[in-house]
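Here is a short tour of one protein chain for anyone who likes to look at coordinates before computing with them. Please keep the viewer open as you read.

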Amino acid sequence: MSIALASAAAPGIAPRSVFSLPPGALVDPAARAWAPFAQSWDDLPRDGWMADGGTYRRRRYAAFRVAGAQSTRLPHCAHFQLRDHNPLNGGVARWFAPMAEATTGSPLFQALLRDTAARIADAAAQAARAWMVEAHQFRIEALPEQPGLPTPEGMHHDGRDWVLILLVGGGAYAGGESRVADASGACRFARRLTRPGEALLLNDRQVRHETTPIEATTPATPAWRDTLVLTFAQASER
């Protein structure tokens with residue numbers, strides 16, 4: 001399935017920097033392997049590093065080296081962003097709970113790493129290279145009169161080369177629109193991911209992104225939004 005080039009309809013966005021991927025382009029939510037993959041989001045501990053004191057985010061984290069068909073999970077490490085990239089939570093080494101081996105070792109997840117790297121090479125019109133990939137499982141929760149913030153830092157760069165945002169699921173929420181800004185800061189692309197398996201692939205050096213808050217739509221029903229975020233940074237060739 002070909003990549004849909006979202007930036008074609010977004011004047012001001014650098015060409016080949018924003019790609020909208022339908023379900024099935026990277027992962028197929030109809031496949032048998034999808035259910036246990038998605039269910040792993042039910043076991044995410046709360047993010048204890050929120051400088052705003054928020055309790056609306058749960059997450060797990062893992063890092064990998066991906067080169068061609070080879071993917072190697074790296075020893076568990078802290079996640080770090082400069083404050084220039086994340087003014088809320090940047091500037092500190094944050095240790096998150098590791099992703100489960102059953103999740104990262106699954107054929108579905110391994111194929112997702114390799115296929116995303118291949119699409120990046122195609123988008124950048126360059127030979128395949130080695131990547132340092134950081135994987136983040138996120139669950140954002142909302143309560144009545146207490147929205148959940150997918151990107152509390154606002155419009156931002158992640159400080160890597162490429163970013164994949166994959167919708168895994170959710171329920172009983174409104175909002176959660178993904179927005180992409182050009183170099184001037186103007187929002188040039190906005191889309192609400194609504195279907196599990198739908199994704200955005202972004203050139204993090206050329207555009208910034210954010211996701212609007214989610215709000216509970218039914219007072220007695222828990223509201224949540226699950227995503228997998230993969231960031232790709234060029235790895236040293238060794």
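The report below goes from model confidence to strands, salt bridges, surface and backbone.

**Confidence**

This is a predicted model, and the chain averages a pLDDT of 91. A score of at least 70 is reached by 94% of the residues. Residues 1-9 stay under 50 in pLDDT, and the model has 23 contacts for them beyond four places in sequence. Where pLDDT is low, the predicted coordinates should not be read in detail.

**Strand pairing**

A good place to begin is E6, where 9 of 10 residues are buried. Strand E6 runs antiparallel to E10 (residues 199-203), and 5 bridges join the two. Within that pairing, Leu-166 stands opposite Ala-199 in E10. E6 also pairs with E13 (residues 223-234), again in the antiparallel sense, over 9 bridges. There, Gly-169 has Asp-226 of E13 as its bridge partner.

Asp-226 turns up again in a network of salt bridges that links it with Asp-42 and Arg-139.

E8 (residues 177-181) and E9 (residues 187-192) are another antiparallel pair, with 5 bridges. Glu-177 is matched with Arg-192 in E9. The hairpin of E8 and E9 has 5 residues between the strands, and Gly-185 takes a positive phi near 95 degrees in it.

**Salt bridges**

The model has 13 salt bridges. Three of them are set out here.

| Pair | N to O distance | Separation in sequence |
|---|---|---|
| Arg-46 and Glu-141 | 3.4 Å | 95 residues |
| Asp-47 and Arg-59 | 3.3 Å | 12 residues |
| Asp-161 and Arg-205 | 2.4 Å | 44 residues |

The pair of Arg-46 and Glu-141 links distant parts of the chain, with Arg-46 in the loop between H1 and E3 and Glu-141 in strand E5. Arg-46 is partly exposed, at a relative accessible area of 39%, and Glu-141 counts as partly exposed at 23%.

Asp-47 belongs to the loop between H1 and E3 and Arg-59 to strand E3. Both Asp-47 and Arg-59 are buried.

Is Asp-161 buried or exposed? Asp-161 is buried, with a relative accessible area of 12%, whereas Arg-205 is exposed at 65%. Asp-161 lies in the loop between E5 and E6 and Arg-205 in the loop between E10 and E11, so their salt bridge ties together parts that are 44 residues apart in sequence.

**Surface and surroundings**

Trp-49, Val-92 and Trp-95 make up a nonpolar patch on the surface, and together they have about 300 Å² of accessible area. Val-92 sits in the loop between E4 and H2 and is partly exposed, with a relative accessible area of 34%.

Arg-73, in strand E4, counts as partly exposed at 24% relative accessibility. Beyond its neighbours within four places in sequence, Arg-73 has contacts that include Tyr-61, Phe-64, Pro-98, Met-99 and Glu-101. From C-alpha to C-alpha, Arg-73 and Glu-134 are 9.9 Å apart in space, with their positions 61 residues apart in sequence.

**Positive phi without glycine**

Which phi does Glu-145 have? The value is positive, about 65 degrees, although Glu-145 is not a glycine. Glu-145 is placed in the loop between E5 and E6 and counts as exposed at 85% relative accessibility. Ala-172, also not a glycine, has a positive phi of about 60 degrees. Ala-172 is in the loop between E6 and E7 and is partly exposed, with a relative accessible area of 24%.

Technical notes. Residues numbered from 1 in each chain as written. Predicted model: local features only at pLDDT ≥ 70, side-chain atom pairs only at ≥ 80, totals over all residues. Heavy atoms only, no water. Helix = DSSP H or I, 4+ residues; strand = E, 2+ residues; numbered from the N terminus. Buried < 20%, exposed > 50% of the residue type's maximum accessible area, 1.4 Å probe, protein only. pLDDT = per-residue confidence, 0-100. Contact = heavy atoms within 4.5 Å. Patch = residues over 30% accessible without salt bridge, like charges linked within 9 Å, V, L, I, M, F, W, Y side chains within 5 Å. Areas by Shrake-Rupley, 256 points an atom, 1.4 Å probe, with all protein chains shown as cover. Salt bridge = Lys/Arg side-chain N within 4 Å of Asp/Glu carboxyl O. Pairing = 2+ DSSP bridges.
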